[in-house]
Every structure is written in structure tokens, then in C-alpha cells.
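Subject: A structure to look through

Dear colleague,

Here is the structure I promised to hand over to you, with the sequence beside it. Please open it and keep it in view while you read the notes below.

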Amino acid sequence: MVTKEEIEEVIAWCEEVKKNKGVMYTVERNEFRDKIRWMSRFPLIEIDRPKETAGQRNLVYYSTMGTLWQYMNNTWMEIIPDVDLSIGKGGKE
């Protein structure tokens, strides 16, 4: 399950790397492979690299839109938080 907090954590890391390196785009090892379950499938994180040239097994971050992208079903798709449909959370008990 992808949470909003996990997405925000990855985006914050990408922004920090981009700021520190000061380059147009960069390719980095995925620091989150062992920490965030859904991130384990991406060997690298490509920051601001065009999807047309990015590796299809990697995660792509676009700073202009503040979004994360993955290649799935022959197309690039934005990673968005999953909806929690469990019953009984936050209600009266």
C-alpha cells in the first residue's frame, strides 16, 4: 500500500539530492529499497530525467510537477496514494 507520507518522504529526498547536486538531472541508487516496501522494485531513482530516456525499471521524479512516475502496462503512470477502504477506522465504536 502506497501512502501519502511515503510519497512525500521520497519527494523530499529527491528535492534534497537535486538541490545538493545542482545539475539538470541525476540518477541515484534507490535509498528506500529496504525501508519502503513498494520502493523495493526500483533499483534507481531518476530525478528530472525525461521519461523517454529513463529506464523502465526505475522510478522517475519530476520536480516541476512534484510527482513520481513508474513504468507499468507499457506506459508511464504517476504514483498516487492508495485509498484505504477498511471499515471501522476513525468512527464511533
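What follows is an account of what was found, beginning with the strands and then moving to the cores and to a few single residues.

Please keep in mind from the start that this is a predicted model.

The strands

A good place to begin is strand β3, which pairs with β2 in the parallel sense over three bridges and with β4 in the antiparallel sense, again over three bridges. Within these pairings, I47 has Y61 of β3 as its bridge partner, while V60 is partnered by W69 in β4. Both faces of β3 are covered, since L59 and Y61 on one side and V60 and Y62 on the other are all buried.

The chain passes from β3 to β4 through a hairpin with four residues between the strands, and G66 in that turn has a positive phi of about 65 degrees. Strand β4, residues 67–72, is also joined to β5, residues 75–78, by four bridges, and these two strands run antiparallel; here Q70 stands opposite M77. The hairpin that β4 and β5 form has two residues between the strands, and its turn contains N73, with a positive phi of about 55 degrees.

The cores

In soluble globular proteins, nonpolar side chains tend to be buried together. In this model the largest nonpolar core has 17 residues, of which V10, W38, M39, L59, L68 and I79 touch the most other members. Helix α1 (4–21), strand β2 (44–47) and strand β3 (59–62) each supply at least two residues of this core, and α1 gives the most, with five residues. A second, separate core has five residues, including A54, V60, Y62 and W69.

To see how one core member is surrounded, you could select M39, which, leaving aside its neighbours within four places in sequence, is in contact with V10, N30, F32, R33, I45 and L59.

Aromatic rings

A search of the whole structure finds three aromatic pairs. One of them is formed by W13 and F32, which meet edge-to-face at 5.6 Å centre to centre, with 85 degrees between the planes. Because W13 lies in helix α1 and F32 in the loop between β1 (26–29) and β2, this pair ties together parts that are 19 residues apart in sequence. F32 is itself buried, with a relative accessible area of 5%. Another ring to look at is that of W69, over which the charged end of K51 sits, 3.7 Å from the ring centre.

Two residues to look at slowly

Is T67, which has 10% relative accessibility, buried or exposed? Residues under 20% count as buried, and T67 therefore counts as buried at 10%. This residue has its place in strand β4, where its side chain makes a polar contact of 2.7 Å with the side chain of W69. Beyond its neighbours within four places in sequence, T67 is in contact with V60, Y61, Y62 and E78.

E28, in strand β1, is also buried, with a relative accessible area of 14%. The side chain of E28 makes polar contacts with the side chains of K21, at 2.8 Å, and of T26, at 2.7 Å. Leaving aside its neighbours within four places in sequence, E28 is in contact with W13, V17, K21, L44, I45 and I47.

With best wishes

Note on methods. Residues are numbered from 1 along each chain as its sequence is written. This is a predicted model: local features need pLDDT of at least 70, side-chain atom pairs count only at pLDDT 80 or more; totals for chains, interfaces and linings use all residues. Side-chain values use heavy atoms; hydrogens and water are left out. A nonpolar core is a set of buried Ala, Val, Leu, Ile, Met, Phe, Trp, Tyr and Cys residues joined through side-chain atoms within 4.5 Å. Buried means under 20% relative accessible area, exposed over 50%, partly exposed in between (1.4 Å probe, protein chains only). Contact means heavy atoms within 4.5 Å. Two strands pair if DSSP finds at least two bridges between them. A polar contact is a pair of N or O atoms within 3.5 Å; within protein, one must be able to donate a hydrogen and the other to accept it, and residues adjacent in sequence count only if both atoms are side-chain atoms. Rings of Phe, Tyr and Trp (its six-membered ring) pair if their centres lie within 6.5 Å; planes under 30 degrees apart count as stacked, over 60 as edge-to-face and the rest as tilted. A charge sits over a ring if NZ of Lys or CZ of Arg is within 6 Å of the ring centre and within 35 degrees of the ring normal.
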